[in-house]
Amino acid sequence: MKKILLMITFLAGTAVFAQAQTQKVHKTPEQKAQHMTEALNKKLALSADQSAKVNAIFAKSAVSMDSLKAHKSADRKANMQARKAIMANTNASLKTVLTADQQTKFADMKAGFKGRMHGKRGDHKGIAPEQKAQRISKVLQKKLSLTQDQYAKVNTILLKRATQMDSLKANRSATDRKANKESRKAILVQTDGELKAVLNADQLKNYTELKAQMKERMKNRRGAKAPTAG
């Protein structure tokens with residue numbers, strides 16, 4: 001129920017393109033490379049020789065990205081720089097294979113997808129704490145049949161939580177992920193404690209079941225995700 005709790009709580013070149021094209025299932029570097037090559041072939045009408053070279057470039061990139069993810073450090077900035085280096089190398093290699101017209105189309109594809117992704121992230125980040133609290137309060141009102149008095153109290157609790165979460169995100173540590181996680185957990189525990197004082201026994205039971213169901217769905221969804229390839 002992380003969505004309710006959060007509602008209550010490569011690659012920018014080739015990987016951005018790959019992210020749009022690949023399904024969220026685990027694939028080997030070879031499978032990722034083949035899938036991206038086929039997608040690129042469809043968009044850019046690659047020749048047989050180009051297709052073979054592009055596939056080799058993507059395979060090398062996918063292997064590098066998988067290795068980076070398997071051995072990533074706690075330094076997020078260093079990880080990002082390493083990803084950028086792989087992306088830059090991949091793009092440079094592709095430029096030696098694609099024609100000028102194909103390079104233009106490929107650049108347009110990447111720019112278009114990056115723009116859509118940026119828009120989605122911007123919309124999400126632009127939601128004010130009041131809007132987040134109201135949205136989740138309405139969900140709980142529907143699921144738990146809250147009274148008007150309960151709704152008002154729940155909204156106040158969730159507004160406090162949303163404000164704390166936004167503050168945590170704005171000031172989170174760039175290196176200590178464990179500390180960030182513990183801070184989020186503390187906020188959620190506090191929120192649950194305050195909600196328990198508002199909900200009756202039956203509502204609390206339904207709320208607990210709702211969280212468990214959402215947590216399980218999120219767990220399954222994460223398990224189905226594959227690392228995005230270069």
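**Entry 1: a word I need before anything else**

"Partly exposed" sits between two cut-offs: buried means under 20% relative accessible area and exposed means over 50%. I tried the term out on Asn200: its relative accessible area is 39%, so Asn200 is partly exposed. A reminder to myself: this model is predicted.

**Entry 2: the whole chain**

I looked at the overall make-up next. The chain has ten helices and zero strands. Reading along the sequence, I just get α-α-α-α-α-α-α-α-α-α. I also looked up how much is hidden, and buried residues make up 35% of the 230 residues. For the surface, the chain exposes about 13,800 Å², and carbon and sulfur atoms supply 53% of that area.

**Entry 3: back to Asn200 and on to Gln203**

Where is Asn200? It lies in the loop between H9 and H10. I looked up what the side chain of Asn200 does there, and it reaches the backbone nitrogen of Gln203 at 2.7 Å. I also checked Asn200 against Leu146: they are 54 residues apart along the chain, but their C-alpha atoms are separated by 9.6 Å.

Then I followed the contact to Gln203, which lies in helix H10. Buried or exposed, I wondered about Gln203? Gln203 has 5% relative accessibility, so it counts as buried. Its own side chain reaches the backbone oxygen of Ser145 at 3.5 Å. Leaving out residues up to four places away in sequence, Gln203 touches Leu144, Ser145, Leu146 and Gln150.

**Entry 4: Thr99 and Gln102**

I moved to another loop. Thr99 is found between helix H5 (76-95) and helix H6 (100-125). With a relative accessible area of 40%, Thr99 is partly exposed. I looked up a distance for Thr99 as well: Gln50 is 49 residues away along the chain, and the two C-alpha atoms are separated by 9.7 Å.

Gln102 has its place in helix H6. Its relative accessible area is 6%, so I wrote Gln102 down as buried. Which residues does Gln102 touch, not counting residues up to four places away in sequence? My list for Gln102 reads Leu44, Ala45, Leu46 and Gln50.

**Entry 5: H8 against H9**

I wanted to see how two helices sit together. The axes of H8 and H9 come within 10 Å and cross at roughly 175 degrees. Angles over 145 degrees count as roughly antiparallel, and H8 and H9 are therefore roughly antiparallel to each other. I listed where they meet, too. On the H8 side, the residues include Val154, Ile157, Leu158 and Lys160. On the H9 side, Asn180, Ser183, Ile187 and Glu194 are among them.

**Entry 6: salt bridges**

How many salt bridges does a search of the whole structure find? It finds seven. I looked into some of them.

Lys160 and Glu194 turned up again here, forming a salt bridge with the closest N and O atoms 3.0 Å apart. Lys160 is in helix H8 and Glu194 in helix H9 (residues 177-196), so this pair ties together parts that are 34 residues apart in sequence. Both ends came out partly exposed: Lys160 has a relative accessible area of 35%, and Glu194 has 25%.

Next I took Asp192 and Lys211, where the closest N and O atoms of the salt bridge are 2.5 Å apart. Asp192 lies in helix H9 and Lys211 in helix H10 (residues 201-224), so the parts they tie together are 19 residues apart in sequence. This time I found both ends buried, with Asp192 at a relative accessible area of 16% and Lys211 at 18%.

The last one I checked was Asp166 with Lys132, a salt bridge whose closest N and O atoms are 2.7 Å apart. Asp166 sits in helix H8 (residues 148-170) and Lys132 in helix H7 (residues 129-144), so the pair links parts that are 34 residues apart in sequence. What I noted about the two ends: Asp166 is partly exposed, at 25% relative accessible area, while Lys132 counts as buried, at 13%.

Definitions and conventions:
Residues numbered from 1 in each chain as written. Predicted model: local features only at pLDDT ≥ 70, side-chain atom pairs only at ≥ 80, totals over all residues. Heavy atoms only, no water. Salt bridge = Lys/Arg side-chain N within 4 Å of Asp/Glu carboxyl O. Helix = DSSP H or I, 4+ residues; strand = E, 2+ residues; numbered from the N terminus. Buried < 20%, exposed > 50% of the residue type's maximum accessible area, 1.4 Å probe, protein only. Polar contact = N/O pair within 3.5 Å; in protein donor to acceptor, adjacent residues only side chain to side chain. Contact = heavy atoms within 4.5 Å. Areas by Shrake-Rupley, 256 points an atom, 1.4 Å probe, with all protein chains shown as cover. Axes fitted to C-alpha atoms, helices over the stretch in contact; angles between N-to-C directions. Parallel < 35°, antiparallel > 145°, perpendicular 65-115°, else oblique.
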